[in-house]
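Open your viewer and load the model. Keep the sequence panel beside it. Where should you click, and what is there?

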Amino acid sequence: MKAKSLFRGPWAIILLAALLLVLIVNLTGSGDSSSEVRTATLVKYLDEGRVKEIVFVEGDQEMQATLDDDTEVRAKWLGDQGSRLVAQAEREVRAGDLETYNVEVPRTSLLTQFLLGFLPVLLLIGVFIYIFLRFQGGGGGVMKFAKSKAKLMTKDTPQTTFSDVAGCDEAIEELGEIKEFLSEPAKFQAVGAKIPKGVLLYGPPGTGKTLLARAVAGEAGVPFYSISGSDFVEMFVGVGASRVRDLFEQAKENAPAIVFIDEIDAVGRHRGTGMGGGHDEREQTLNQLLVEMDGFDVRGGVILIAATNRPDVLDPALLRPGRFDRQIGVEAPDLKGRETILKVHARGKPIGPDVDLNAVARRTPGFSGADLANVLNEAALLTARSNEKIITDASLDEAIDRVMAGPQKRTRLMNEHERLVTAYHEGGHALVAAALPQSDPVHKITILPRGRALGYTMVLPEEDKYSQTRAELQDKLAYMLGGRAAEELVFHNPTTGAGNDIEKATGLARAMVTQYGMSERVGAVKLGSDNSQPFLGAGAGMGHTRDYSERVAAIVDEEVGALLTHAHQEAFDILAENRDVLDALVLELMDRETLDKAEVARIFEPLRRREVRPAWTGSDTRVPSDVPPVEVPESASTPDPEPEGLTVGPDQGPDAEPPSTEEPTP
């Protein structure tokens with residue numbers, strides 16, 4: 001039997017139990033048939049001459065006596081009684097009343113001494129051997145701790161191909177070139193081209209970076225090693241660097257091969273920014289990674305693919321040409337990409353004939369691929385929960401709401417006053433958005449509690465947008481404060497429900513002043529800089545640097561306040577002008593609780609809408625030109641692939657926000 005099986009099986013428990021049993025038996029002795037009596041009784045027997053022989057046990061302070069009738073008794077003594085009792089026994093022996101006496105000092109058996117002396121040591125050795133065998137993880141000894149933990153994709157691994165990936169055509173094209181190089185390297189070498197040594201996939205969470213890497217593994221047909229960046233980080237110095245070396249050695253031996261490191265920011269962050277200086281374990285691991293990336297042969301066929309959500313914190317030496325030559329952004333999909341992703345995840349699901357995936361794509365602006373997969377999965381779960389066989393448009397609509405705002409709180413019961421406040425709050429948002437010319441159309445209003453919200457209003461733009469004008473941002477500010485204005489107009493006393501609206505509106509107004517240059521007094525100036533250190537965190541107070549004076553800070557606060565005050569007043573005036581429409585909307589909400597786009601449009605037919613805002617350049621000296629922009633020839637224009645008539649999600653630019661879900665909390 002192998003030692004490994006011995007310590008992993010039941011033999012270790014059996015051996016330990018046997019040793020404990022022997023120890024207990026030796027400690028407790030083989031048993032005693034004598035009866036215990038009081039010390040005074042045994043002394044009386046000794047005085048009366050009724051004791052035949054007696055033994056004094058020193059260590060236990062016990063007397064073991066045999067009486068004249070061969071009865072065995074025992075008793076204890078305390079303190080100095082032993083000396084007096086021994087002296088008395090000597091007198092009784094001389095007097096002939098006692099045959100003999102003896103004094104014993106108990107001695108522990110050799111087995112007991114061995115167990116008491118070596119059992120703890122044996123237990124420690126056994127525990128050490130057990131941990132040692134568990135630590136080696138199935139072979140290779142303890143030195144396997146420094147080996148790479150990369151997983152090698154085999155033919156038995158479920159394959160993912162590029163047909164399972166959608167919504168990121170540019171990334172697929174770039175990675176498809178790597179597949180082509182591995183299969184036909186002579187095609188590139190003939191024209192002197194060198195394949196990139198490393199490819200960095202970056203983008204928001206859930207956009208499909210890891211899925212793309214799995215597709216490359218399924219398409220390439222070469223050894224594919226997959227590992228997480230956190231697998232390199234250990235508390236023991238030198239382990240991470242050793243794992244990096246072992247990983248690339250394995251890849252070189254099986255070249256051509258692909259190495260994929262997920263979440264590389266765990267090991268590839270800026271050096272010298274941690275509290276521990278520049279010699280900590282993580283930085284040594286990064287140094288080894290830099291050496292390996294710049295050291296292996298380009299024509300050796302070893303390509304490194306990495307994924308991260310934070311490319312801004314990666315070390316510049318890692319991103320330079322010669323290491324990560326190609327950086328591919330994997331962003332949230334546009335309308336066409338969302339529809340394609342929905343089609344991919346709809347495979348194998350019983351989609352009803354009333355479901356239009358293009359319409360679903362338009363109702364899911366800003367959703368990533370993971371979000372869209374979750375929508376279809378939630379729709380399937382809701383269908384199964386209701387004992388239906390076909391996924392309908394109603395179940396998809398409910399699934400979208402669950403993903404955006406959480407499940408509906410059916411057990412949260414609000415009184416009529418709270419429902420009325422919520423209806424006016426959401427109605428204020430919707431009416432202000434509909435009355436402003438450059439605001440996004442209202443898609444849905446509900447006063448049903450969902451997630452943390454007591455109700456929400458969904459506004460979606462009519463087309464994918466990647467930038468916003470100052471007028472559009474002003475309309476958005478007024479829309480955000482429409483709920484607060486409605487509470488003030490109707491109930492004369494606002495509630496805490498507008499807290500989230502005020503927070504978002506303040507952030508947007510401050511960005512307009514300090515980032516976008518949309519303030520006359522401040523001008524087109526970028527105020528403040530973000531020099532955050534990746535290990536210090538935003539909470540350390542060192543992430544944002546204010547590079548402007550107190551006077552400018554006061555001006556910024558005044559401009560932010562002016563934007564919010566103007567938007568607040570504008571929303572209040574719009575609601576006051578359209579009070580009859582607001583009341584009609586509230587009555588419908590109280591009756592039906594949820595209104596869709598068509599129902600909202602019908603109620604807003606008599607709405608008195610605002611005119612387009614005047615031109616703004618930020619200065620009286622910069623007068624807008626009366627000459628219109630040039631007309632783009634039809635041959636140079638980009639065709640619009642999107643059919644008209646339905647609404648789609650908000651802008652996908654860097655300042656894009658998902659549809660707001662206001663949360664009135666009376």
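This tour moves from the whole chain to single side chains.

**Stop 1: the whole protein**

Remember as you go that this is a predicted model. Show the cartoon view. The protein has 22 helices and 16 strands. How many residues are in the protein, and what share of them is buried? There are 666 residues, and 42% of them are buried.

Next, think about contacts. Take those between residues at least 6 apart in sequence: 75% of them join residues at least 24 apart. Now switch on the surface. The protein exposes about 35,500 Å². Carbon and sulfur atoms supply 54% of that area.

**Stop 2: a nonpolar patch**

Keep the surface on. Select Phe 118, Val 121, Leu 122 and Ile 125. They make a nonpolar surface patch of about 350 Å². Now pick out Val 121, which is found in helix H5, residues 110–135. Is Val 121 buried or partly exposed? Its relative accessibility is 41%, so Val 121 counts as partly exposed.

**Stop 3: around residues 180 to 188**

Hide the surface and show side chains. Select Glu 180 and Lys 187. They form a salt bridge, and the closest N and O atoms are 2.3 Å apart. Glu 180 is partly exposed, at 26% relative accessible area. Lys 187 is also partly exposed, with a relative accessibility of 47%.

Now for the rings. A search of the whole structure finds 4 aromatic pairs. One of them joins Phe 181 and Phe 188. The ring centres are 5.9 Å apart, the planes meet at 65 degrees, and the pair is edge-to-face. Are these rings buried or exposed? Phe 181 has 5% relative accessibility, so this residue counts as buried. Phe 188 is buried too, at 14%.

**Stop 4: a ring pair between two helices**

Select Tyr 424 and Phe 491. Their ring centres are 5.6 Å apart and their planes stand at 90 degrees, so this pair is edge-to-face. Which helices hold the two rings? Tyr 424 lies in helix H16, residues 416–435, and Phe 491 lies in helix H18, residues 482–491. The pair therefore ties together parts that are 67 residues apart in sequence. Tyr 424 is buried, with 9% relative accessible area. Phe 491 is partly exposed, with 23%. The cut-off matters here: buried means under 20%, so 9% falls below the limit and 23% does not.

**Stop 5: a charge over a ring**

Select Arg 470 and Trp 616. Look at the charged end of Arg 470. What does it sit over? It sits over the ring of Trp 616, 4.1 Å from the ring centre.

**Stop 6: salt bridges across the chain**

The structure holds 27 salt bridges. Start with Lys 444 and Asp 397, whose closest N and O atoms are 3.2 Å apart. This pair links distant parts of the chain, 47 residues apart. Lys 444 is in strand S12, residues 442–446, and Asp 397 is in helix H15, residues 393–405. Lys 444 counts as buried, at 8% relative accessibility. Asp 397 is partly exposed, with a relative accessible area of 24%.

Now widen the selection. Add Arg 363, Asp 393 and Asp 401 to Asp 397 and Lys 444. These residues are linked in a network of salt bridges.

Go on to Glu 593 and Arg 419. Their side chains meet in a salt bridge of 3.4 Å, N to O. This pair also links distant parts of the chain, 174 residues apart. Glu 593 sits in the loop between helix H21 (579–592) and strand S16 (594–596), while Arg 419 is in helix H16. Glu 593 counts as partly exposed, at 29% relative accessibility. Arg 419 counts as buried, at 13%.

**Stop 7: a buried arginine**

Finish with Arg 362, in helix H13, residues 357–362. Arg 362 has 1% relative accessibility, so this residue counts as buried. Now select Arg 338 as well. Arg 338 and Arg 362 are 24 residues apart along the chain, and their C-alpha atoms are separated by 8.3 Å.

Key. Residues numbered from 1 in each chain as written. Predicted model: local features only at pLDDT ≥ 70, side-chain atom pairs only at ≥ 80, totals over all residues. Heavy atoms only, no water. Phe/Tyr/Trp six-rings, centres within 6.5 Å; stacked < 30°, edge-to-face > 60°. Buried < 20%, exposed > 50% of the residue type's maximum accessible area, 1.4 Å probe, protein only. Helix = DSSP H or I, 4+ residues; strand = E, 2+ residues; numbered from the N terminus. Lys NZ or Arg CZ within 6 Å of the ring centre and 35° of its normal. Contact = heavy atoms within 4.5 Å. Areas by Shrake-Rupley, 256 points an atom, 1.4 Å probe, with all protein chains shown as cover. Patch = residues over 30% accessible without salt bridge, like charges linked within 9 Å, V, L, I, M, F, W, Y side chains within 5 Å. Salt bridge = Lys/Arg side-chain N within 4 Å of Asp/Glu carboxyl O.
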